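Trainee: Could you take me closely through one part of this model, the salt bridges, and say how each term is defined as you go?

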Amino acid sequence: MRMDVDKKPAAPARDDETVLAESPLFLMLVCVVCGAVVGAFVPLLAHGLAKLRWAPFKGLAELLTTVPEPWLTLGGAGVGALLGLLVGFLAVHESLTVRISDTRIVLTVRDASREFPRGDVASAHRDGKQLVLLAPDGAELAREKSGLPWPRLTEALTAHGHGWAPEDPHRESWRRWVPGTAGLPEGANALLNARATARERDNEDDARELAQELRRLGVTVRDEKNRQYWRRSPPRH
(Lines give C-alpha, C1' and ligand atoms only; values in the text may rest on other atoms or scores of the structure.)
Protein backbone atom coordinates (compact mmCIF):
# COMPACT_ATOMS: atom_id res chain seq x y z
CA MET A 1 0.00 0.00 0.00
CA ARG A 2 1.42 3.30 -1.06
CA MET A 3 1.75 6.07 1.53
CA ASP A 4 0.93 9.55 0.30
CA VAL A 5 3.31 12.35 1.21
CA ASP A 6 1.86 15.66 2.28
CA LYS A 7 4.32 18.40 1.33
CA LYS A 8 2.37 21.18 3.02
CA PRO A 9 4.28 22.28 6.15
CA ALA A 10 2.49 22.95 9.41
CA ALA A 11 4.27 26.31 9.56
CA PRO A 12 5.88 28.51 6.91
CA ALA A 13 8.89 26.76 5.47
CA ARG A 14 12.26 28.44 5.43
CA ASP A 15 15.68 27.72 3.96
CA ASP A 16 13.99 25.88 1.07
CA GLU A 17 12.75 23.14 3.41
CA THR A 18 11.38 19.83 2.25
CA VAL A 19 8.50 18.77 4.49
CA LEU A 20 7.39 15.15 4.64
CA ALA A 21 4.29 14.13 6.54
CA GLU A 22 1.91 11.20 6.48
CA SER A 23 -1.35 12.26 4.86
CA PRO A 24 -4.00 12.68 7.60
CA LEU A 25 -6.74 11.83 5.11
CA PHE A 26 -4.97 8.62 4.11
CA LEU A 27 -4.48 7.55 7.73
CA MET A 28 -8.09 8.31 8.64
CA LEU A 29 -9.42 6.49 5.59
CA VAL A 30 -7.37 3.37 6.24
CA CYS A 31 -8.46 3.21 9.90
CA VAL A 32 -12.15 3.79 9.12
CA VAL A 33 -12.21 1.20 6.33
CA CYS A 34 -10.38 -1.39 8.44
CA GLY A 35 -12.73 -0.72 11.36
CA ALA A 36 -15.81 -1.12 9.16
CA VAL A 37 -14.52 -4.39 7.67
CA VAL A 38 -13.77 -5.84 11.09
CA GLY A 39 -17.16 -4.66 12.39
CA ALA A 40 -18.94 -6.34 9.49
CA PHE A 41 -17.66 -9.69 10.75
CA VAL A 42 -19.37 -9.22 14.13
CA PRO A 43 -22.45 -11.27 13.07
CA LEU A 44 -20.25 -14.26 12.18
CA LEU A 45 -18.44 -14.01 15.49
CA ALA A 46 -21.68 -13.61 17.43
CA HIS A 47 -23.32 -16.65 15.81
CA GLY A 48 -20.18 -18.71 16.36
CA LEU A 49 -19.98 -17.83 20.07
CA ALA A 50 -23.69 -18.43 20.57
CA LYS A 51 -23.34 -22.03 19.34
CA LEU A 52 -20.62 -22.88 21.85
CA ARG A 53 -21.45 -24.54 25.15
CA TRP A 54 -19.39 -21.91 26.95
CA ALA A 55 -17.53 -18.87 25.68
CA PRO A 56 -16.58 -15.40 26.92
CA PHE A 57 -19.35 -12.88 26.26
CA LYS A 58 -21.72 -15.66 25.16
CA GLY A 59 -24.67 -13.79 26.65
CA LEU A 60 -23.85 -10.71 24.62
CA ALA A 61 -23.36 -12.83 21.51
CA GLU A 62 -26.79 -14.43 21.95
CA LEU A 63 -28.32 -10.98 22.37
CA LEU A 64 -26.69 -9.76 19.17
CA THR A 65 -28.03 -12.73 17.21
CA THR A 66 -31.56 -11.57 17.98
CA VAL A 67 -30.96 -8.43 15.89
CA PRO A 68 -32.32 -9.06 12.38
CA GLU A 69 -30.23 -8.70 9.26
CA PRO A 70 -29.08 -6.57 7.57
CA TRP A 71 -29.21 -4.34 10.66
CA LEU A 72 -26.77 -6.47 12.63
CA THR A 73 -24.14 -6.35 9.89
CA LEU A 74 -24.73 -2.67 9.17
CA GLY A 75 -24.62 -1.85 12.87
CA GLY A 76 -21.40 -3.80 13.34
CA ALA A 77 -19.81 -2.05 10.38
CA GLY A 78 -20.96 1.34 11.67
CA VAL A 79 -19.56 0.77 15.16
CA GLY A 80 -16.34 -0.54 13.66
CA ALA A 81 -16.03 2.53 11.44
CA LEU A 82 -16.57 4.80 14.44
CA LEU A 83 -13.87 3.01 16.44
CA GLY A 84 -11.63 3.20 13.38
CA LEU A 85 -12.21 6.95 13.24
CA LEU A 86 -11.04 7.28 16.84
CA VAL A 87 -7.97 5.17 16.09
CA GLY A 88 -7.36 7.35 13.04
CA PHE A 89 -7.29 10.52 15.13
CA LEU A 90 -4.75 8.87 17.43
CA ALA A 91 -2.66 7.71 14.45
CA VAL A 92 -2.58 11.24 13.03
CA HIS A 93 -1.54 12.61 16.42
CA GLU A 94 1.24 10.01 16.70
CA SER A 95 2.49 10.37 13.12
CA LEU A 96 5.90 11.82 12.31
CA THR A 97 6.53 15.00 10.32
CA VAL A 98 10.09 15.64 9.09
CA ARG A 99 11.26 19.07 7.95
CA ILE A 100 14.60 19.04 6.17
CA SER A 101 16.73 21.96 5.00
CA ASP A 102 20.41 22.47 4.27
CA THR A 103 20.92 23.72 7.84
CA ARG A 104 18.69 21.57 10.03
CA ILE A 105 16.37 18.60 10.55
CA VAL A 106 13.16 19.08 12.54
CA LEU A 107 11.14 16.11 13.84
CA THR A 108 7.57 16.70 15.02
CA VAL A 109 5.53 14.08 16.89
CA ARG A 110 2.50 14.70 19.11
CA ASP A 111 2.62 18.44 18.43
CA ALA A 112 6.14 18.58 19.91
CA SER A 113 9.08 19.52 17.69
CA ARG A 114 12.79 18.90 18.12
CA GLU A 115 15.32 20.73 15.95
CA PHE A 116 18.74 19.31 15.11
CA PRO A 117 21.25 21.70 13.49
CA ARG A 118 23.25 20.24 10.62
CA GLY A 119 26.50 20.14 12.58
CA ASP A 120 24.88 18.07 15.35
CA VAL A 121 23.80 15.24 13.02
CA ALA A 122 26.41 12.94 11.52
CA SER A 123 24.00 10.58 9.80
CA ALA A 124 20.51 9.15 9.71
CA HIS A 125 19.48 5.54 9.14
CA ARG A 126 16.52 3.23 9.21
CA ASP A 127 16.04 0.70 12.00
CA GLY A 128 12.95 -1.33 11.16
CA LYS A 129 10.11 1.19 11.13
CA GLN A 130 12.11 3.83 13.00
CA LEU A 131 14.10 6.81 11.82
CA VAL A 132 17.32 7.25 13.82
CA LEU A 133 19.58 10.32 13.95
CA LEU A 134 23.15 9.93 15.20
CA ALA A 135 25.60 12.55 16.48
CA PRO A 136 29.23 12.67 15.30
CA ASP A 137 30.34 10.96 18.53
CA GLY A 138 27.93 8.06 17.92
CA ALA A 139 25.33 9.13 20.47
CA GLU A 140 21.73 8.70 19.42
CA LEU A 141 19.91 12.00 19.03
CA ALA A 142 16.47 10.74 18.07
CA ARG A 143 14.59 7.52 17.35
CA GLU A 144 11.06 7.95 16.00
CA LYS A 145 8.60 5.55 14.41
CA SER A 146 8.01 6.57 10.82
CA GLY A 147 5.38 5.65 8.25
CA LEU A 148 6.94 7.88 5.62
CA PRO A 149 8.16 6.42 2.31
CA TRP A 150 11.79 5.55 2.99
CA PRO A 151 13.06 6.24 -0.56
CA ARG A 152 11.50 9.71 -0.46
CA LEU A 153 12.96 10.40 2.98
CA THR A 154 16.41 9.21 1.92
CA GLU A 155 16.26 11.34 -1.20
CA ALA A 156 15.25 14.45 0.75
CA LEU A 157 18.01 14.05 3.34
CA THR A 158 20.77 13.46 0.81
CA ALA A 159 19.49 16.24 -1.46
CA HIS A 160 20.00 18.69 1.41
CA GLY A 161 23.47 17.34 2.12
CA HIS A 162 22.72 15.24 5.21
CA GLY A 163 24.38 11.87 5.68
CA TRP A 164 22.36 8.69 5.20
CA ALA A 165 23.71 5.31 6.34
CA PRO A 166 22.33 2.17 4.64
CA GLU A 167 22.31 0.44 8.04
CA ASP A 168 23.05 1.08 11.70
CA PRO A 169 26.80 1.85 12.01
CA HIS A 170 26.72 0.44 15.55
CA ARG A 171 24.75 -2.74 14.82
CA GLU A 172 27.48 -4.95 16.33
CA SER A 173 27.47 -3.04 19.63
CA TRP A 174 23.92 -3.84 20.73
CA ARG A 175 23.44 -6.17 23.70
CA ARG A 176 20.23 -7.61 25.01
CA TRP A 177 19.19 -6.27 28.39
CA VAL A 178 18.16 -8.53 31.24
CA PRO A 179 17.59 -7.38 34.84
CA GLY A 180 20.87 -6.88 36.63
CA THR A 181 22.99 -6.64 33.48
CA ALA A 182 26.61 -5.84 34.37
CA GLY A 183 28.57 -3.02 32.75
CA LEU A 184 25.83 -0.41 32.83
CA PRO A 185 26.18 2.99 34.54
CA GLU A 186 24.71 3.36 38.00
CA GLY A 187 20.94 3.73 37.80
CA ALA A 188 20.63 2.41 34.23
CA ASN A 189 19.28 -1.00 35.26
CA ALA A 190 16.51 0.65 37.26
CA LEU A 191 15.58 2.88 34.32
CA LEU A 192 15.58 -0.07 31.92
CA ASN A 193 13.39 -2.05 34.30
CA ALA A 194 10.96 0.87 34.57
CA ARG A 195 10.95 1.24 30.80
CA ALA A 196 10.18 -2.46 30.35
CA THR A 197 7.18 -2.03 32.64
CA ALA A 198 6.05 1.06 30.72
CA ARG A 199 6.22 -0.83 27.43
CA GLU A 200 4.23 -3.73 28.87
CA ARG A 201 1.53 -1.21 29.76
CA ASP A 202 1.74 0.45 26.31
CA ASN A 203 2.76 3.72 27.98
CA GLU A 204 4.72 5.24 25.11
CA ASP A 205 5.17 8.61 26.82
CA ASP A 206 6.93 7.05 29.82
CA ALA A 207 9.00 4.75 27.59
CA ARG A 208 10.14 7.74 25.53
CA GLU A 209 11.01 9.80 28.62
CA LEU A 210 12.94 6.93 30.20
CA ALA A 211 14.91 6.43 26.96
CA GLN A 212 15.93 10.09 27.16
CA GLU A 213 17.03 9.62 30.77
CA LEU A 214 19.14 6.65 29.70
CA ARG A 215 20.81 8.73 26.99
CA ARG A 216 21.84 11.22 29.69
CA LEU A 217 23.61 8.36 31.46
CA GLY A 218 25.36 7.28 28.27
CA VAL A 219 23.09 4.35 27.38
CA THR A 220 21.21 4.08 24.10
CA VAL A 221 18.24 1.70 23.98
CA ARG A 222 16.27 0.16 21.16
CA ASP A 223 13.34 -2.26 21.07
CA GLU A 224 12.85 -5.49 19.21
CA LYS A 225 9.44 -7.05 19.83
CA ASN A 226 9.23 -7.35 23.64
CA ARG A 227 12.98 -7.13 24.19
CA GLN A 228 15.24 -4.15 24.96
CA TYR A 229 18.75 -3.84 23.54
CA TRP A 230 21.36 -1.38 24.73
CA ARG A 231 24.77 0.01 23.85
CA ARG A 232 27.12 2.47 25.51
CA SER A 233 27.28 5.98 24.06
CA PRO A 234 28.55 9.38 25.17
CA PRO A 235 26.22 10.93 27.77
CA ARG A 236 23.83 13.57 26.38
CA HIS A 237 22.93 16.53 28.59
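Mentor: A salt bridge here is a side-chain nitrogen of Lys or Arg within 4 Å of a carboxyl oxygen of Asp or Glu. This is a predicted model, in which local features need pLDDT of at least 70 and side-chain atom pairs count only at pLDDT 80 or more, while totals for chains, interfaces and linings use all residues. Residues are numbered from 1 along each chain as its sequence is written, and side-chain values use heavy atoms, with hydrogens and water left out.

Searching the whole structure gives 17 salt bridges, and one network of them links Asp127, Glu140, Arg143, Arg215, Arg222, Glu224 and Arg227. Within that network, Glu140 pairs with Arg143, their closest N and O atoms lying 2.9 Å apart, and both Glu140 and Arg143 are buried (buried is under 20% relative accessible area, exposed over 50% and partly exposed in between, with a 1.4 Å probe and protein chains only).

Glu144 is also buried, at 5% relative accessible area, and its side chain meets that of Arg114 in a salt bridge of 2.6 Å, N to O. Because Arg114 lies in strand β4 (residues 112-117) and Glu144 in strand β7 (residues 140-145), this pair ties together parts 30 residues apart in sequence; strands (E, at least two residues) and helices (H or I, at least four) are DSSP runs, numbered from the N terminus. Arg114 itself is partly exposed, at 26% relative accessibility.

Glu144 forms a salt bridge with Arg208 as well, the closest N and O atoms being 2.7 Å apart. Since Arg208 belongs to helix α7 (residues 204-217), this pair connects parts 64 residues apart in sequence, and Arg208 counts as partly exposed at 29% relative accessibility.
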